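Trainee: Got a minute to go through a model with me? I'd like to talk about charges and strands.

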Amino acid sequence: MRVPLSMALGATLMTTGLATSSMAVTPEGPASPGPSAGQSQTMTRQVEDVTVTAKISLPPGSDVQGSIVGTLSITHNGNSASMRSGSMTMVDPDDRFLQGAQFVPSGATNAWTSTVPLSADAKSGVYEVSVNAEVAVTTDDGVVNVPIRTTNPVLVPFRAQRNIPMIWTSPTSAPAGSTISVSGAANIRSLGTGDYAPATGQEVKLYFDPTGDAPEALKATLTTDSRGYFTSRQKPGASGKWRAEMSQTDSGARAIWTITSAERERTTTLRQGSVSATQNGHTAGDHLMTHDVVVGLAPAQRRVDIGSLGFTIGGKSGWVSAESQRGEGSFPDGYRVQREMTHAGVGTSTVTFTFNPTHPAGIYDIGLRDAMKACSAPDWDANDAASGASNCTHDVLVQDSTVTTIVVKRASTTTVTASSTSLPAPGTITLSGGVRKVVLVSGGGAQDKPAPNTPVQLYFDPAGASAPVYKKTVRTGSNGTYSTQVSTSTSGKWIAKYPGTSLQAPSRATVTVTVG
């Protein structure tokens, strides 16, 4: 299966330099260059009083497709020059003789080109380049014909162009701490036809350059599969740039592709899960990422990121659902909401749920239905020219009502104050405060109310490197407040924690007390 040349757009390629051949007098490079030397040599010939210096220039080693064009440029001490006859010839790595067309004007003064056609099965490797031409130089005394010939063939390496047409992260933006997929496709182009086919068995190094001052790091060394694909599950830990690189080899050029991903801040527990399905021999799947929700008196939104697994993309009819496992208030039988997925690029979709204060608190099942496309080659749209079969199947139905969960809790607030925040010596102080909770109220709705008979855990965090130490637990009274005496001998922070429940979010407050 061939892949269209359009897949190559955007790839950054590092290729070999130009190579030239030498006829005689003063070589600028080694006399017997090796296959990867990338040399530049000149050919100088004198006939009567006319001296001609010629150079044959070849394209970069991986810029070749279908033919090789050499440019013969000269300098001379006459008045003008023209090409009488001649061409460039080659011997390919299979020892086949390749005859170039006659030199024709290149458009530049004193420069001509000869094109050597390549066979469809032309291989990467070292080509022997020779020139046999005759240049007519006009002088004040007439025209002098000067032969331009290479004494020995020049060894020029031509490499197949390897290409990473794209890499992608799935998703491109995710909550902090999420595991994402970094995937890509690699192709290799025929010297003879210019067509791309999957680059199989190629080593790809995956680097991550986080935003900020941290250095770029090698995250994985991968090998492309029979389809030219590579993929890796990664937890980047920051926003930044991903770089996939195939190094240069004797037969292929270096290829690089970069893409960025973003990590969003989160303040609650991360939730993620995966689901996949196989149909018609193709496997597709999604990875869902989100985090828990704390709802106050205002509605709270929570985004769910959907990243396709491997080399699949979501369809146009997918949705994500959230269904509570318990009923409360106006929803005694539970609550269910479903949102259509918004597609945001290759392998990436999102949905956003809004949770109101009166929606049931507790555990929600997060489900998904996605009609996906899975492909067997880097070209996601074309057909296999040989068989007429599509590279992709568009009907892999991925569906699960419990891919992951999120926990929705109502907000709480805790306060703490000290009877004195500065003591001349160790002593006793009074810590006071209260707890308030967002709760459902009879008749409908939700209110932020004082929380009676609620435990408050007190910790002391001494100044310095020591960890907080648990001291005691007190309970609020009927008005939601508490007051208790504590002994303090060193400076530090007193921490009041309400631990929360399955329906109520925890909260905390601190006060600093200085001793001495």
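What follows is a short chat about salt bridges, a surface patch and two sheets.

Mentor: This is a predicted model, so keep the filters in mind: local features need pLDDT of at least 70, side-chain atom pairs count only at pLDDT 80 or more, and totals for chains, interfaces and linings use all residues. Residues are numbered from 1 along each chain as its sequence is written, and side-chain values use heavy atoms, with hydrogens and water left out.

Trainee: How many salt bridges does a search of the whole structure find?

Mentor: Side chains of opposite charge can pair when their charged atoms come close. Here the criterion is a side-chain nitrogen of Lys or Arg within 4 Å of a carboxyl oxygen of Asp or Glu. Searching the whole structure that way gives 17.

Trainee: Which residue forms a salt bridge with Lys123?

Mentor: The closest N and O atoms of the pair are 3.3 Å apart. Lys123 sits in the loop between strands E8 (111–117) and E9, and its partner in the loop between E5 (80–91) and E6 (97–102), so the contact ties together parts 29 residues apart in sequence. Strands here are DSSP runs of at least two residues (E), numbered from the N terminus. The partner is Asp94.

Trainee: Is Lys123 buried, partly exposed or exposed?

Mentor: Buried means under 20% relative accessible area and exposed over 50%, with partly exposed in between (1.4 Å probe, protein chains only). Lys123 comes out at 46%, so by those limits the label is partly exposed.

Trainee: Which residues are linked with Asp94 and Lys123 in a network of salt bridges?

Mentor: Asp94 itself is partly exposed, at 34%. Along with Asp94 and Lys123, the network takes in Asp92, Arg96 and Asp121.

Trainee: What is the N to O distance between Arg336 and Glu323?

Mentor: Arg336 lies in strand E27 (residues 336–340) and Glu323 in strand E26 (residues 319–324), so this pair ties together parts 13 residues apart in sequence. Arg336 is partly exposed at 42%, and Glu323 is too, at 38%. Their side chains meet in a salt bridge at 3.7 Å.

Trainee: What charge does the surface patch with Asp141 carry?

Mentor: Asp141 is in the loop between strand E9 (125–139) and strand E10 (142–149), and it's exposed at 79%. A patch joins like charges within 9 Å, or nonpolar side chains (Val, Leu, Ile, Met, Phe, Trp, Tyr) within 5 Å, using residues with over 30% relative accessible area and no salt bridge. Glu48, Asp49, Asp140 and Asp141 gather in this one, and its charge is negative.

Trainee: Which strands stand at the edges of the sheet E21-E22-E24-E29-E28?

Mentor: That's an open sheet of five strands with antiparallel pairing, where pairing takes at least two DSSP bridges between two strands. Inside it, E24 (residues 300–308) and E29 (residues 348–355) pair over eight bridges, with Ile306 opposite Ser349. Two strands have a single partner each, so one side of each is left without a neighbour in the sheet: E21 and E28.

Trainee: And in the sheet E33-E40-E39-E36-E37, which residue is the bridge partner of Gln457?

Mentor: This open five-stranded sheet has mixed pairing. Strands E36 (residues 455–462) and E39 (residues 492–498) pair in the antiparallel sense over six bridges. The partner of Gln457 is in E39, namely Lys497.

Key. Areas by Shrake-Rupley, 256 points an atom, 1.4 Å probe, with all protein chains shown as cover. Lys, Arg positive; Asp, Glu negative; His and termini not counted. Charge placed at Lys NZ, Arg CZ, Asp CG, Glu CD. Helix = DSSP H or I, 4+ residues; strand = E, 2+ residues; numbered from the N terminus.
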